[in-house]
Amino acid sequence: MSAHLVAGIAAECALMARNLRGERPVPGAEMLEEMVEDFLRARARAADAREPVPPDVLRRRSAVLAQAASALTARAALSIGIGGRRRVPGLPAQQLWYAAPSAASLWLRRLRGNMTLRSVVCQNALRTALGLGAARLVAGSLDLSHGFWVLLAVLTLGRTTAGATWTAVRPAAVGTLAGALAAGALVLWAGGATDVYAALLAPTMVLAFTVGPLAGLAWAQGLFTLVVSTAFAQLAPITWRIGEARAVDVLTGCGIGLVCGVLAWPAGAAGEVRRGMSGMLRRAAPLVPATVAAALPPVAPPRAGAAESPEAGGGAGPDTLHRLRLAEAAYAQFRSEPGGGHRDGGPDWPAAINCGVHILVGAHWLPRNAAREAPDEVVGPAVAAWAREAADATAAALVGAARFPPGGVRAAPVRLPAELERSVPARALPLLTDVEHWLESLAAELTALGGDGPAREHGDPSPSAARGGGGGPPADGAVGDHGAQPPAGTRSSTPPAKTS
């Protein structure tokens with residue numbers, strides 16, 4: 001049973017790889033969805049059999065089902081992204097919320113989502129606006145010749161950190177000064193002979209726009225100074241001071257860019273990535289108990305609203321997704337900055353992103369699978385208490401990990417105690433195993449997240465810790481509805497776990 005579904009997942013992944021390489025058509029997730037339905041029915045029939053299913057087999061089936069949920073999500077996202085599909089029947093609508101809205105609605109949602117100072121996109125926009133406003137004010141107040149070069153210097157040399165801006169400004173200033181000297185010498189030699197400038201313009205432009213970007217900022221600025229000098233010399237009579245004017249304008253723009261870099265978020269995303277990850281983990285924590293409550297089989301006496309989605313009350317899911325987007329953007333900028341992601345020690349940010357993704361994937365899929373299997377049996381209050389305690393402890397570990405304490409949080413794996421496992425009805429046991437697998441995956445990722453110093457222990461996340469229960473190594477990374485994985489080369493002490 002598991003082997004058949006694993007083969008289907010592998011075939012679907014191979015097909016997705018061919019689609020990404022340009023092979024068409026791009027089908028939907030219907031085939032794999034049917035295989036998952038068959039798997040759930042076969043799992044229910046196996047539970048009704050006379051011989052009980054061994055616990056390790058149940059856990060293996062839960063892991064395979066989690067892999068299938070990730071593959072289904074990836075296939076649906078691919079069908080929307082490059083196949084142009086607008087409807088994904090059968091899959092959780094909340095997870096693929098971006099399929100139905102128009103492009104204008106999605107742009108508006110992105111704009112609203114970044115209208116916060118906690119967004120690095122907003123920070124960069126404000127920094128750039130501040131620099132351009134200051135450049136326009138200075139150029140107009142000092143009546144600089146060709147003052148638009150001041151604005152152009154701010155745009156091209158501004159970086160997301162003060163240190164990176166200074167690193168860009170130094171070679172740019174040297175190159176501009178060298179180009180100004182070369183332009184002055186050219187004007188003194190050629191004088192008013194416009195034919196000379198016309199002959200030099202094309203090869204100078206070729207050098208500036210090909211060699212310049214490859215050789216570095218110094219060459220790019222120097223050659224571009226020659227380009228504008230030869231171009232302006234054909235429009236009106238010029239003197240050697242054209243190079244001087246450009247050097248003054250560029251150096252003024254460099255100074256304004258440096259001042260703006262120092263005043264507005266000089267450290268770039270180094271602090272924002274920590275705040276973003278912390279906020280995402282804190283906001284995701286309430287989803288864990290809500291998801292477990294929605295995925296838990298009926299409790300005797302039956303509890304109201306058992307099949308309701310955890311996102312139906314409180315709106316924690318959309319807010320968690322929003323905070324995940326902000327954290328991903330901050331991390332992407334952090335990795336693009338000098339030294340980003342290459343510091344020894346400290347939290348493992350990809351593990352934090354994976355943890356947030358897997359919480360959302362579990363919040364979408366666990367209640368859905370529980371509603372499809374819908375066992376008639378009920379579980380006892382002791383089992384329900386274990387599930388609530390395990391979920392609450394995992395949520396507490398998330399909140400604790402959001403502080404990034406020294407060494408991080410060592411969250412113990414979650415296992416259903418053997419004595420409670422024997423009391424669970426056969427049809428309800430697979431659902432509890434799915435919950436157990438999900439919580440174990442989150443615990444593994446929290447342990448991999450780490451912190452800022454020596455390790456410390458976190459409180460027991462399950463009543464089974466006393467008997468030494470623990471999960472095996474989690475499977476390699478899942479694809480959530482965010483559609484992108486952390487960049488290659490990032491450090492992660494433990495592979496991220498897949499969730500269902």
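Select Glu 436 to start: its relative accessibility is 3%, so the residue counts as buried. The model on screen is predicted. Now add Arg 59, which forms a salt bridge with Glu 436, the closest N and O atoms being 2.5 Å apart. Glu 436 belongs to helix 17 (residues 429-449) and Arg 59 to helix 3, so that the link joins distant parts of the chain, 377 residues apart. Extend the selection to Arg 415, Glu 421 and Glu 440: through shared salt-bridge partners they form one network with Arg 59 and Glu 436.

A search of the whole structure gives 16 salt bridges. For another one, select Arg 75 and Glu 12, whose side chains meet at 2.7 Å, N to O. Arg 75 is in helix 3 (residues 55-81) and Glu 12 in helix 1 (residues 2-20), so this pair ties together parts 63 residues apart in sequence. Arg 75 and Glu 12 are both buried.

Next, select Arg 368 and Glu 33, a salt bridge with an N to O distance of 2.6 Å. Here helix 14 supplies Arg 368 and helix 2 (residues 30-48) supplies Glu 33, so parts 335 residues apart in sequence are tied together. Both residues are buried.

Stay with helix 14 and select residues 349-373. At 1.5 Å a residue, its 25 residues should span 36 Å, and the end C-alpha atoms are indeed 36 Å apart. Centre the view on Gly 362, where helix 14 bends by about 30 degrees. Of the 25 residues in helix 14, 23 are buried, so the helix is largely enclosed by the rest of the structure. Step on to Ala 374, just after helix 14, which has a positive phi of about 40 degrees.

Turn to the rings. The whole structure contains five aromatic pairs. Select Trp 97 and Tyr 98: the ring centres are 5.7 Å apart and the planes lie at 85 degrees, so the pair is edge-to-face. Tyr 98 is buried, at 16% relative accessible area.

Then select Phe 148 and Trp 149, with ring centres 5.5 Å apart and planes at 55 degrees, which makes the pair tilted. Phe 148 is partly exposed at 47% relative accessibility, whereas Trp 149 is buried at 2%. Add Phe 232, which ring pairs link with Phe 148 and Trp 149 into a cluster.

Finally, display Arg 246, whose charged end sits over the ring of Trp 149, 5.3 Å from its centre. Arg 110 has its charged end over the ring of Trp 107, 5.4 Å from the ring centre.

Note on methods:
Residues numbered from 1 in each chain as written. Predicted model: local features only at pLDDT ≥ 70, side-chain atom pairs only at ≥ 80, totals over all residues. Heavy atoms only, no water. Phe/Tyr/Trp six-rings, centres within 6.5 Å; stacked < 30°, edge-to-face > 60°. Buried < 20%, exposed > 50% of the residue type's maximum accessible area, 1.4 Å probe, protein only. Lys NZ or Arg CZ within 6 Å of the ring centre and 35° of its normal. Helix = DSSP H or I, 4+ residues; strand = E, 2+ residues; numbered from the N terminus. Expected span 1.5 Å × (residues − 1). Bend = angle between axes of the 7 residues up to and from the residue. Salt bridge = Lys/Arg side-chain N within 4 Å of Asp/Glu carboxyl O.
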